[in-house]
Amino acid sequence: MEDLPEMYTTLQGEVASVTEYGAFIKIPYCKRQGLVHKSHMSASRVDNPSEVVDVGEKVWVKVIGKEVKDGKVKLSLSMKAVNQGSGKDLDPNNVALDQDERRKRHFKDFTGQKITLEAVLNTVCKKCGCKGHFAKDCFKQPGGFNYNLVPDADCSNQYEVQPPKKKKIAKDCFKQPGGFK
């Protein structure tokens with residue numbers, strides 16, 4: 001097997017081809033090519049890699065990953081970790097690379113799971129007296145409707161929202177002293 005460069009070494013290579021997702025770099029003294037993804041070409045955002053590099057151009061790269069899959073070795077390279085003028089390693093302790101890896105965490109898809117909020121469902125609002133929400137989340141207006149949670153589909157008893165009973169207003173409330181009758 002040919003000698004592959006060690007991890008985190010810097011070297012100068014030649015751009016072999018440019019794609020929409022990055023550029024392939026010929027590694028000196030090796031038959032392999034490595035990929036510089038467009039996210040590792042520059043510290044600023046790169047939308048089109050052909051605007052950054054051209055085929056045949058010499059660039060400084062740092063080996064940031066090796067992956068062996070089905071007997072093939074894939075090399076990941078970075079241009080933004082190396083000064084393109086001098087070839088000096090801008091991240092000698094690989095701190096920026098570790099931070100990039102932490103940002104790329106894989107999240108599981110929990111959209112199919114049912115969420116049960118038992119703590120909220122078992123509460124009673126101090127403002128309106130209804131179950132299922134806190135007083136700070138209550139939307140009851142003075143003299144408005146009382147709302148309860150809609151029961152699950154498997155429950156046989158149905159709740160109906162009923163308006164509050166109207167208070168009788170005494171006709172004497174509108175009388176003014178010494179005035180109307």
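Strands here are DSSP runs of at least two E residues, and they are numbered from the N terminus. With that settled, keep in mind that this is a predicted model, and start selecting.

**The whole chain**

Colour by secondary structure first. You should find two helices and five strands, laid out along the sequence as β-β-β-β-β-α-α. The protein has 181 residues, and 25% of them count as buried. Switch on the surface and you are looking at about 14800 Å² of exposed area, with carbon and sulfur atoms supplying 52% of it. As for contacts between residues at least 6 apart in sequence, 44% join residues at least 24 apart.

**Just ahead of strand 1**

Now select Y8. This residue lies in the segment before strand 1, which covers 10–18. Check the backbone here: Y8 has a positive phi of about 65 degrees, and it is not a glycine. Most residues other than glycine have a negative phi. Y8 is partly exposed, at 38% relative accessibility.

**The barrel**

Next, select the strands together. All five close into a barrel in the order 1-2-3-5-4, with mixed pairing. On average, neighbouring strands of this sheet are turned by 50 degrees against each other, direction ignored.

Zoom in on where strand 1 meets strand 4, residues 58–69. The two run antiparallel and are joined by five bridges. For one spot to click on, take E14, whose bridge partner in strand 4 is K58.

**The nonpolar core**

Hide the cartoon and show side chains for I25, V36, M41, V53, V59, V61 and M79. In the largest nonpolar core, which has 18 residues, these touch the most other members. Strand 1, strand 2 (22–26), strand 4 and strand 5 each supply at least two residues of that core.

What does V36 contact, once its neighbours within four places in sequence are left aside? Select Y21, G22, A23, I25, M41, V61, L77, S78 and M79, and you have the list.

**An aromatic pair**

You have just lit up Y21, so stay with it and add F24. The count of aromatic pairs comes to one. Y21 and F24 form that pair, edge-to-face, with 6.4 Å centre to centre and 85 degrees between the planes. Are these two rings on buried or exposed residues? Neither label fits: Y21 is partly exposed at 39% relative accessibility, and F24 is partly exposed at 23%.

**The loop between strands 3 and 4**

Move to V46, in the loop between strand 3 (33–37) and strand 4. V46 is buried, with a relative accessible area of 10%. Not counting residues up to four places away in sequence, V46 touches K38, M41 and V52. Then draw a distance from V46 back to Y21: the two are 25 residues apart along the chain, and their C-alpha atoms are separated by 9.6 Å.

**Last stop, before helix 1**

Finish at N94, in the loop between strand 5 (72–78) and helix 1 (95–103). Here is another residue that is not a glycine but has a positive phi, this time of about 60 degrees. Is N94 buried or exposed? N94 is buried, because its relative accessible area is 12% and the cut-off for buried is under 20%. Flip back to Y8 to set the two side by side: Y8 counts as partly exposed, at 38% relative accessibility.

Methods. Residues are numbered from 1 along each chain as its sequence is written. This is a predicted model: local features need pLDDT of at least 70, side-chain atom pairs count only at pLDDT 80 or more; totals for chains, interfaces and linings use all residues. Side-chain values use heavy atoms; hydrogens and water are left out. Helices (H or I, at least four residues) and strands (E, at least two) are DSSP runs, numbered from the N terminus. Buried means under 20% relative accessible area, exposed over 50%, partly exposed in between (1.4 Å probe, protein chains only). Contact means heavy atoms within 4.5 Å. Accessible areas come from the Shrake-Rupley method with a 1.4 Å probe; for residues, only the protein chains shown count as cover. Rings of Phe, Tyr and Trp (its six-membered ring) pair if their centres lie within 6.5 Å; planes under 30 degrees apart count as stacked, over 60 as edge-to-face and the rest as tilted. Two strands pair if DSSP finds at least two bridges between them. Axes are lines fitted to C-alpha atoms, for helices over the stretch in contact, and angles run from 0 to 180 degrees between N-to-C directions. A nonpolar core is a set of buried Ala, Val, Leu, Ile, Met, Phe, Trp, Tyr and Cys residues joined through side-chain atoms within 4.5 Å.
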